[in-house]
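Hi everyone, thanks for coming. I'd like to walk you through one model today, so please have a look at it while I talk.

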Amino acid sequence: MAGGAYVVIALSFGLAGGIVGKIKGSSFFIWFIIATVVPVVGLLTAIVYRSERDELRRLCPTCGRVCKLHDALCVRCGAELEFPDEALASENAAVTAR
Ligand SMILES: [Zn+2]
């Protein structure tokens, strides 16, 4: 019954991945599927996955638009963005602090 054991393990990973994804503000169902299809990798992906709203942000020095920290170019004015000395809090952190 190696196949049956595998299904149980895959579903366990699926549940864990779904719960982790849900906690991170994503879809339980999507992460359940991902973690079931690729058990170990899917669960790890769910754990390291960061929602866009958790990304640190910074201001574009040219036009002042708020960009994601990992953006290399400003999406509004196209200026090249140096890695900033100071990052803005992520959207989620900013909402919590308010
Ligand atoms: Zn800009």
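Let me begin with a word on domains: the bounds I'll use come from an automatic or database domain assignment. On that basis, the protein chain splits into domain 1, covering 2-49, and domain 2, covering 52-98. Please keep in mind that this is a predicted model.

How far apart are the centres of domain 1 and domain 2? Taken over C-alpha atoms, 31 Å lie between them. The overall dimensions are worth a look as well. The C-alpha atoms of the protein chain occupy a box of roughly 65 × 30 × 20 Å along the principal axes. The radius of gyration is 19 Å, where a compact globule of 98 residues would be near 13 Å. Of the 98 residues, 16% are buried.

Now the secondary structure. The protein chain has 4 helices and 2 strands, and reading along the sequence you meet them as α-α-α-β-β-α. As for contacts, take those between residues at least 6 apart in sequence: 35% of them join residues at least 24 apart.

Let's go to the core. Which residues make up the largest nonpolar core? There are 8 of them: Phe13, Val20, Trp31, Phe32, Ile34, Ala35, Leu43 and Ala46. At least two residues of this core come from each of α1 (2-23), α2 (28-37) and α3 (39-48). The biggest contributor is α2, with 4 residues.

Staying with those helices, how do α2 and α3 sit against each other? Their axes come within 5 Å and cross at roughly 145 degrees. On the α2 side of the contact you'll find Trp31, Ile34, Ala35, Thr36 and Val37, and they meet Pro39, Gly42, Leu43, Thr45 and Ala46 of α3. Sorted by type, the residues of this contact are 7 nonpolar, 3 polar and no charged.

A few individual residues help to show how the helices come together. Glycine 17 is placed in helix α1. Is glycine 17 buried or exposed? It counts as buried, because it has 30 C-beta neighbours inside 10 Å. Setting aside neighbours within four places in sequence, glycine 17 contacts Trp31, Phe32, Ile34, Ala35, Gly42, Leu43 and Ala46. Its C-alpha atom is 9.2 Å from that of valine 40, with their positions 23 residues apart along the chain.

Looking back from the other side, alanine 46 touches Gly17, Val20, Gly21, Trp31 and Ala35, again not counting residues up to four places away.

Then there is proline 39, which lies in helix α3. Proline 39 has 19 C-beta neighbours inside 10 Å, so it counts as partly exposed; the threshold for buried is 20 or more. Beyond four places in sequence, proline 39 is in contact with Ile9, Ala10 and Phe13. Proline 39 and tyrosine 6 are 33 residues apart in sequence, yet their C-alpha atoms are 9.9 Å apart in space.

Let me cross over to the second domain. Where does leucine 69 lie? You'll find leucine 69 in the loop between β2 and α4. With 14 C-beta neighbours inside 10 Å, leucine 69 counts as partly exposed. Leaving out residues up to four places away in sequence, leucine 69 touches Glu55, Leu56, Arg57, Arg58 and Ala87. Between the C-alpha atoms of leucine 69 and leucine 88 there are 8.4 Å, and the two are 19 residues apart along the chain.

My last stop is alanine 89, which is in the loop between β2 (66-68) and α4 (91-97). Why does alanine 89 count as exposed? Because alanine 89 has 12 C-beta neighbours inside 10 Å, and exposed means 12 or fewer. Alanine 89 and glutamate 55 are 34 residues apart in sequence, with 8.1 Å from C-alpha to C-alpha.

That's my tour, and I'm happy to take your questions.

Methods
Residues are numbered from 1 along each chain as its sequence is written. This is a predicted model: local features need pLDDT of at least 70, side-chain atom pairs count only at pLDDT 80 or more; totals for chains, interfaces and linings use all residues. A nonpolar core is a set of buried Ala, Val, Leu, Ile, Met, Phe, Trp, Tyr and Cys residues joined through C-beta atoms within 7 Å. Two residues are in contact if their C-beta atoms, placed from the backbone, lie within 7 Å. Axes are lines fitted to C-alpha atoms, for helices over the stretch in contact, and angles run from 0 to 180 degrees between N-to-C directions. Ala, Val, Leu, Ile, Met, Phe, Trp, Tyr, Cys and Pro count as nonpolar, Asp, Glu, Lys and Arg as charged, and the others, Gly among them, as polar. The radius of gyration is taken over C-alpha atoms; the globule rule is 2.2 Å times the number of residues to the power 0.38.
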